[in-house]
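Please open the structure in your viewer and keep the sequence at hand. The tour proceeds by selection: each stop names what to pick and then states what is found there.

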Amino acid sequence: MPADQPVTASPAQLERRLEARGPARWKVPLGAVLIERLMWLDSDRVYVALRADSQKLENLDHLVLDGETGRILWRRERSQRDGRYRILYATSDLLLFAVDRPNGARTVEALDVATGNARWAMEQRRPRRGEPTPPILVDDAGDEPARLVLIEGTRAQAVDVTDGTVLWRRKLGSSGGAGGLQSNGSVLWDANGGVFSRVRLSDGGSVWDSRIEVADHVQPQAEDGRVYVATPDSGIAALRADDGSTVWRTRLPGGAVVNSLQLGAGSLFVRGHEES
């Protein structure tokens, strides 16, 4: 059955369809749960995220199974008071989670795939009232170890996901909006007052700095060597991604405020509103 095809059969019907394709290699009884996520970590291990069959419980339990036999290698059960676990990154030997605690704090935890034990953990500063939940970016481009980029207020730091070592730190813009360091794929942007920068992931330095005021509540969009940003004067600008030079600038009619930018079908879509 294709992965993107919706399942409309009952559990009994689905089981009969699967049995018609041949005997199962193994079965694991899980009880009244929902499978939130299932993926092969390598040829020997399968990761499964479960949620109790209740809308009141959002938290996940996590299992790693032996791919050959279906034996549960380990299972970590989480109560509601522990916080909500969201997987960020997985390799054949490591699972990385963002944990949102009931008190508003956030922890990043790395678990060993073989044992389920914690390898390392890092606390993040709790967002102040009115601040958005800070984004987390995992960059695994290139041959170097994957980097986890964490944002806390006006500071960003990159962490080696394998051991939690801090690789670099960067002071961010403090223009007071929802911006600061923003991500687009494996590219990072820093809107710092009147300077917009492309950030180098290897050490946190600037690839280039462009003298342009950017609306830091709007996520930049990048495609085909261009970076599209909103400006506070109801404007939109296109910059070259390699050197930050301006390709063109325009303004929305009527002084409308840009709320978001989105690329698709070869076009740039702009959502905005007129201030009363």
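The stops below pass from a sheet to cores, hairpins, aromatic rings, salt bridges and a loop. Please keep in mind throughout that this is a predicted model.

**Stop 1: an open sheet**

Select strands E5, E6, E7 and E8. These four strands form an open sheet in the order E5-E6-E7-E8, with antiparallel pairing. Which strands stand at the edges? They are E5 (84–90) and E8; each has a single partner strand, so one side of each is left without a neighbour in the sheet. On average, and with direction ignored, neighbouring strands of this sheet are turned by 20° against each other.

Now restrict the view to E6 and E7. Seven bridges hold this antiparallel pair. Select Val-99 and look across to E7, where its bridge partner is Thr-107.

**Stop 2: two nonpolar cores**

In soluble globular proteins, nonpolar side chains tend to be buried together. Select Leu-96, Val-108, Trp-120, Leu-148 and Leu-150: these have the most contacts inside the largest nonpolar core, which has 14 residues. At least two residues of this core come from each of strands E6 (94–100), E7 (106–112), E8 (118–124) and E10 (147–152). The largest share, three residues, is supplied by E6.

Then show the surroundings of Leu-150. Beyond its neighbours within four places in sequence, Leu-150 is in contact with Val-108, Met-122, Gln-124, Ile-136, Arg-155, Ala-156, Gln-157 and Val-159.

Next, select Leu-41, Ala-49, Tyr-85 and Phe-97. They are included in a second, separate core of 13 residues. Add Tyr-47 to the selection: Tyr-47, Tyr-85 and Phe-97 form one aromatic cluster.

**Stop 3: strand E15 and its two partners**

Select strand E15 (residues 195–199). Four of its five residues are buried, so this strand is largely enclosed by the rest of the structure.

Add strand E14 (residues 187–192), which pairs with E15 in the antiparallel sense over five bridges. Within this pair, Asp-190 stands opposite Ser-197 in E15. The two strands form a hairpin with two residues between them, and Gly-193 in the turn has a positive phi of about 60°.

Now add strand E16 (residues 206–211). E15 and E16 run antiparallel and are joined by five bridges. Here Ser-197 stands opposite Asp-209 in E16. This hairpin has six residues between its strands, and Gly-204 in its turn has a positive phi of about 80°.

**Stop 4: a pair of rings**

A pair of aromatic rings is described by the distance of the centres and the angle of the planes. The whole structure contains six aromatic pairs. Select Trp-189 and Phe-196: their ring centres are 5.7 Å apart and their planes are at 20°, so the pair is stacked. Are these two residues buried or exposed? Both Trp-189 and Phe-196 are buried.

**Stop 5: salt bridges**

Side chains of opposite charge can pair when their charged atoms come close. A search of the whole structure finds ten salt bridges.

Return to Asp-190 and select Arg-170 with it. They form a salt bridge in which the closest N and O atoms are 3.2 Å apart. Asp-190 lies in strand E14 and Arg-170 in strand E12 (residues 166–171), so the pair ties together parts that are 20 residues apart in sequence. Both Asp-190 and Arg-170 are buried.

Then select Arg-45 and Asp-42, whose side chains meet in a salt bridge (3.7 Å, N to O). Arg-45 is partly exposed, at 23% relative accessible area, and Asp-42 is partly exposed, at 24%.

Continue to Arg-240 and Asp-243, where the salt bridge is 3.4 Å, N to O. Arg-240 is partly exposed, with a relative accessible area of 32%, and Asp-243 is partly exposed, with 39%. Finally, select Asp-93, Asp-112 and Arg-119, which are joined into one network by salt bridges that share partners.

**Stop 6: a buried loop residue**

Select Ala-241, in the loop between strand E19 (235–240) and strand E20 (246–251). Its relative accessibility is 14%, so Ala-241 counts as buried. Which residues does Ala-241 contact, leaving aside its neighbours within four places in sequence? They are Arg-198, Trp-208, Gly-225, Arg-226 and Val-227. Ala-241 and Arg-226 are 15 residues apart in sequence, and their C-alpha atoms are 5.1 Å apart in space.

Technical notes. Residues numbered from 1 in each chain as written. Predicted model: local features only at pLDDT ≥ 70, side-chain atom pairs only at ≥ 80, totals over all residues. Heavy atoms only, no water. Phe/Tyr/Trp six-rings, centres within 6.5 Å; stacked < 30°, edge-to-face > 60°. Buried < 20%, exposed > 50% of the residue type's maximum accessible area, 1.4 Å probe, protein only. Core = buried A, V, L, I, M, F, W, Y, C linked by side-chain atoms within 4.5 Å. Contact = heavy atoms within 4.5 Å. Pairing = 2+ DSSP bridges. Salt bridge = Lys/Arg side-chain N within 4 Å of Asp/Glu carboxyl O. Axes fitted to C-alpha atoms, helices over the stretch in contact; angles between N-to-C directions.
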